[in-house]
Amino acid sequence: MSISLIGRSIGESATLLLNEKAAILKAKGEPIIHLGGGEPRSKSPIDAITGLSGLLTSGEIRYTPVDGTIEMKKAIIRYMDEFYGRKFEPENVIASSGAKQAIMVALQAILDPQDEVIFPAPYWVSYPEMAKLCGAIPVPVLPEDGSFHPRMQDILQNVTTYTKVIILNSPNNPTGVLYSADFVKEVVEFCEKEGLYLIMDDIYHRLIFDGKKRVNPYDYTTVYDDNSKLIVTNGVSKQYAMTGFRIGWAAGSKKVIRVMSNIQGHQTAGPAVILQKAAIGAINGVQSGVESLRLTLENNRNVMMDRLAGFEGVKATRPDGTFYVFADFSVYDKDSKKLSEFLLEKVRVLTMPGIEFGLDGYLRLSTCGSIKDITEGIERIKWALDPNSPNELYIGERKLVRDWL
Ligand SMILES: Cc1ncc(COP(=O)(O)O)c(C=O)c1O
């Protein structure tokens, strides 16, 4: 029995493997510090829980329309109006099982085999694999100036007759960089001119620091209704710390949303009704949790950057948002997977190898944990790599002796 070509093209995720390894070690009582995670630690908003519990206790948990309940769609429409100033109709929006599924069905709706999907690098780990799942070709674009700010000229150099869609994620996972309004404008205008789709993955758009402003792609659109090829995706995972609820959404033309619904209808059908209820509660409820999460993450970012500043040889771009710092550790090891494994093995700190995001020599460090996690995590990494640090380190009662430098 042979495995499909597409099946074989999907790589094993080093990120998941490392996560699993760390979970096993933790279960054995090892003092793991998790700087790998992509989920806030705060609790779900109370409005999410009350929304869900009411329906749950009714015991009547049924299928919903494939593209989400009317109430869910209304909540998404309200969200799109509040944050983008766009008044959509129910046929313009779809609720999916996570923003991940929303992006996946969007790609399935628009891609043919051999089409090309452009996205700036470093990138979210799933974009290349999602393109491959559609039989399409991922085209990551690394800014030539060595920054994490993509430029239109970098994108243009990679556009071919096969290019069908550009994906932008800003603020960006893994770099935390917020793309400039000028750049987003250029991309929106270019896509409209060339008839390309543009997916704006806005999952972190309320987690921006330093008073910077989120960029609204609709400010630059001139094409509306069924001719619009702009698709905006978002979800409750990050902003409401509701990763386990698996609710995301997309907004776009009625034409594309209809096709996405058809596809989703044969994959998973409508997202679980109780989870939609929780998402509605979060979107329509008290929003103070989002701001307090944002403030916590900004403070954590400051602490992480402070600690990294005292780390000779390590360079990190100051993130404008998200909960990641993408730091250049290439002076210590150019092979980020090896370095990540080494740090987990020697000092029990979980980091994500940059190669997973399309850039080797870097590590993605999460600021989702506590200040203690961040300071102790960086201290342990420093101890493991920096020959100038003392030869011994205590982790609780355990004495580590460095015998590898
Ligand atoms: C850039 C980006 N887009 C989309 C997602 C998917 O989010 P969800 O949990 O809603 O599927 C993630 C999650 O890590 C992400 O980092």
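How many Å separate the centres of domain 1 and domain 2, taken over C-alpha atoms? The centres lie 27 Å apart.

This is a predicted model, where local features need pLDDT of at least 70, side-chain atom pairs count only at pLDDT 80 or more, and totals for chains, interfaces and linings use all residues. Residues are numbered from 1 along each chain as its sequence is written.

Let's start with the domains, whose bounds come from an automatic or database domain assignment.

| Domain | Residues | Residues in the contact |
|---|---|---|
| domain 1 | 5-43 + 288-401 | 32 residues |
| domain 2 | 46-284 | 30 residues |

Two residues are in contact if their C-beta atoms, placed from the backbone, lie within 7 Å. On the side of domain 1 that touches domain 2, helix 11 (288-309) gives the most, with seven residues. Helices (H or I, at least four residues) and strands (E, at least two) are DSSP runs, numbered from the N terminus.

Now to a pair of helices. Helix 5 (residues 98-110) and helix 6 (residues 126-133) pack at about 40 degrees, and their axes are 9 Å apart. Helix 5 is therefore oblique to helix 6. Axes are lines fitted to C-alpha atoms, for helices over the stretch in contact, with angles running from 0 to 180 degrees between N-to-C directions. Angles under 35 degrees count as roughly parallel, over 145 as roughly antiparallel, 65 to 115 as roughly perpendicular and the rest as oblique. From helix 5, K100, I103, M104 and L107 meet S126, M130 and A131 of helix 6.
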